[in-house]
Structure formats: structure tokens, C-alpha cells
Amino acid sequence: MTQTGVSLDVQNLRKTWGQTEVLRGVDFNIAPGGFLTLLGPSGCGKSTALRLISGLDEVSDGNILIEGKEVTQQPADQRNIGMVFQNYALFPHMTVRDNIAYGLKVRKVAKATRIASVARVADLMALGPLLERKPAQLSGGQQQRVALARVLVSERPLVLMDEPLSNLDAKLRVEIRSEIRALNKKLGITIVYVTHDQSEALSMSDTVVLMNAGRAEQIGTPKELYDAPATVFAAGFIGTPPMNLLPASDVALNGDIGAGLDVADVLIGVRPEAMTVPGQGMALSVTCHVASVEYEGSVFLVHLMSPSGSPFILSYAGQDVPAQGDEITVGWTSAETHLFSKSTGQRIAPDP
Ligand SMILES: Nc1ncnc2c1ncn2[C@@H]1O[C@H](COP(=O)(O)OP(=O)(O)OP(=O)(O)O)[C@@H](O)[C@H]1O
């Protein structure tokens, strides 16, 4: 197959439904062959953005450019975009082969080309042995692979995917995740992916657009979002469990956290996996009580209560796990410390 991706530029994208501003000026771009994920909580506008890019809905304002060419006013069928949805809706009366070939048949692609294309994609998606089955004779994961094959066979250079894995169980989700990522790299197609699942977003994407209430809260690589969340919202959304945020007054400082900071306005962030116990004498530490302990398989999640009553979590992988009711001191280094302003919600730089 000779698919190659196209670039996509989204500029000041706005959408209003009645009185409600669902998208409030979103900008991002993807290079050809890139994998960009729109990540955010339910209702933040991810699917709306995807529908505007596809041309299924009209923008209220802003521009969409594919390969540098304005497509904002173009009808959906002229944008040459493939789409995969959560409800992949295969035709139940057709075989897998016919389901995959359907789009090619509608476009009146010659029969010999159709047969060759389906064979190539079936091979790529490991669907060869299933081609004569009907969708009801397939597992959920196999059905989703057919839906992906149906889009891939159409050889669109830009494919939009809206929560395509949310109907699958956890194990299949992880498997198909890596298949989608491998296809993106192998075929060079550009993918825009929508999910509310941050681990999906971090594991698959080149670029993540973290959305909050119709705006892009932060745009970056998965590592940038994890290592340096730009806002309190981003800190609280990325990571499992997400970053702890404590009032500075709860934290004992072995040194300064930053010259000229208004300590009353500072929230100190630290990831649950970055804290050490016992942490006495470390650059930053908190003496606290263990509220409860949860076994997670590879780690224990130790739920703690700070002196001022803020709950926070220690991810503990060692022996002698702290017990409920214990008083312990957790500590961490300055390098593991993130500072935010309580009043603006923004990251405070430079870090200590
Ligand atoms: N056709 C419509 N008419 C009116 N409001 C709409 C319409 N479509 C979406 N909305 C509203 O726009 C907001 C954003 O919806 P959208 O589906 O884009 O969110 P989302 O981030 O994809 O959420 P989810 O993860 O739940 O699908 C929601 O408040 C929704 O109710």
C-alpha cells in the first residue's frame, strides 16, 4: 500500500450551539503522518472538533487547512477523510470481506482492484481467516479491526477516530492501541484521535491536545504533559493516579522553594510515584497520617491526609507497606517538585 499522510492545521476553531460556546478558539497542527490526540473530560468539545474537521458540522468561526489548503467550507465528501467511530456499525448481513470492500464498491472501484485491496488490508489487520464470517460471528475486538480495515482500505491520507476502543475490554484496548499506532507508522497516514482516557492518549500519540471547557489547556508531547503540566487542571488530569497538589503551608521545606514567591498562593505538586518514605531530611517533606491502603497489584496506593486535611496519595512499591492510622513522613527532591499558583491555576516557573 502506498498511503501517505497529509498535514492538518486547525486555526481558532469555534463552535456555538444556540447560546452555548462549545469550542472557544482552538488551534493545533499536525505534520503528515503524525498522531494527534484530543484528550479531555466528557463534554469538553473533543467530538465537536472532530466533526468540524470532517465537515459533518459547520464551523462557527475559524479555519481548517489540509495540506495547506483551506477546506473549511468544503463538503465532507470532498475532504478525503476517513472516520472510525465508537459504534462502528458493520453491516450485519454482509461478510467481513463485503463490509471491508463496501466503500470501494460504492466508489465504483474495479472488481480486480477491490479484491487486491481487501486482501492486502485483511493481511495487514490479520483478518484473512475471518473474511467469510458475518459480524455476529466475531468478537468485539475482531469487529473493531474490521471497522479499522474498512477505513484503511479506502486509502484516506487523514483518518479521524472518535473513541474507537471504548466498547472493548481492557486487554483488547491495549492490543488494538498498539495495532493502530503501528499502522500509523507503517502506512504514514495522519491520525486525529479522540479519547477521555489519558493512558490511551499518552501511549499512542506524538502530540496531545489536552482540552478543557472548549479550549486547549495544553499542547505537547505525552512526556511534556507528564513532566511539566502547564496548569492545575493538566496536573490533575494526567497520571494514574494524577499529581498530588498540596498547599505550601503543609510542606516542610529544607531550603527555599523559589525566591519571591507568595507562599500563601502556592500549590506544591508531586507525583504519587515520586515520593519516598521515610522522607525526613529530604528537600520537601510532609508528616501525615495514613487514611487507607489500596492494593493495586504492582504497587500499593497509600491514601494520606496532610496536616491541613488535604487528601493525597503515595504510590508504594516496597516491603513493609504503611498501615492505616500510621504517622509517616513522605519526602521528595526539588527536581520532583511542581509549583502552581492557586489564584491563576498556572504553573509557576522557574522551578526550584
Ligand atoms: N448538536 C448539538 N446541539 C447542541 N449541543 C451540542 C450538540 N453537539 C454537542 N453539543 C454539546 O457540546 C458540548 C461538547 O460536546 P462533545 O460531544 O464535543 O464533547 P466531548 O468532549 O466529545 O464529550 P464526550 O467524551 O462525552 O463525547 C456538550 O455540552 C454537548 O452537550
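Begin by selecting helix α2, residues 96-106, together with helix α3, residues 111-124, in this predicted model; the two helices pack at an angle of about 130°, and their axes are 10 Å apart. Angles over 145 degrees would count as roughly antiparallel and those from 65 to 115 as roughly perpendicular, with the rest between them called oblique, and α2 and α3 are therefore oblique to each other. If you turn the view to look along the line from one helix to the other, the crossing in which α2 passes α3 is a right-handed one. To see what makes the contact, show the side chains of Arg97, Ile100, Ala101, Leu104 and Lys105 on α2, and then those of Arg114, Ser117, Val118, Val121 and Ala122 on α3. Colouring these residues by class gives 6 nonpolar, 1 polar and 3 charged.

Keep α3 on the screen and add helix α4, which covers residues 140-153. The axes of α3 and α4 come within 10 Å and cross at roughly 135°, which makes α3 oblique to α4. Here too the crossing is described as right-handed, with α3 passing α4. On the α3 side, select Ser117, Val118, Val121 and Ala122, and on the α4 side select Ala149, Leu152 and Val153, since these residues make the contact. What classes of residue are found in the contact of α3 with α4? There are 6 nonpolar residues and 1 polar residue, and no charged ones.

Now leave α3 aside, keep α4, and select helix α5, residues 170-187. The angle between α4 and α5 is about 15°, while their axes lie 11 Å apart, and that makes α4 roughly parallel to α5. The crossing of α4 over α5 is right-handed. From α4 the contact takes Gly140, Gly141, Gln144, Leu148 and Leu152, and from α5 it takes Leu172, Glu175, Ile176, Ile180 and Leu183. Sorted by class, the contact of α4 with α5 has 6 nonpolar, 3 polar and 1 charged residues.

The next stop is the ligand. Select the residues that surround the ligand, which are Trp17, Val22, Gly40, Ser42, Gly43, Cys44, Gly45, Lys46, Ser47, Thr48 and His196. Which helix gives the largest share of this shell? Helix α1, residues 46-54, contributes that share, with 3 residues. When the shell around the ligand is coloured by class, you should find 3 nonpolar, 7 polar and 1 charged residues.

After the ligand, turn to some details of the backbone. Select Glu67, which is in the loop between β4 (61-66) and β5 (69-70); Glu67 has a positive phi of about 55°, although it is not a glycine. Then go to Thr240 and Pro241, which are joined by a cis peptide bond with omega about -10°; Pro241 is found in the loop between α8 (232-237) and β11 (244-247). Another cis peptide bond, with omega about 0°, joins Val277 and Pro278, and Pro278 lies in the loop between β13 (266-270) and β14 (284-295).

Finally, zoom out to view the whole chain and colour it by domain. According to the domain assignment, domain 1 runs over residues 8-228 and domain 2 over residues 244-348. Taken over C-alpha atoms, the centres of domain 1 and domain 2 are separated by 39 Å.

Methods. Residues numbered from 1 in each chain as written. Predicted model: local features only at pLDDT ≥ 70, side-chain atom pairs only at ≥ 80, totals over all residues. Domains from an automatic or database assignment. Axes fitted to C-alpha atoms, helices over the stretch in contact; angles between N-to-C directions. Helix = DSSP H or I, 4+ residues; strand = E, 2+ residues; numbered from the N terminus. Parallel < 35°, antiparallel > 145°, perpendicular 65-115°, else oblique. Left-handed = near helix turned anticlockwise from the far one by under 90°. Contact = placed C-beta atoms within 7 Å. Nonpolar A, V, L, I, M, F, W, Y, C, P; charged D, E, K, R; others polar. Near = placed C-beta within 6 Å.
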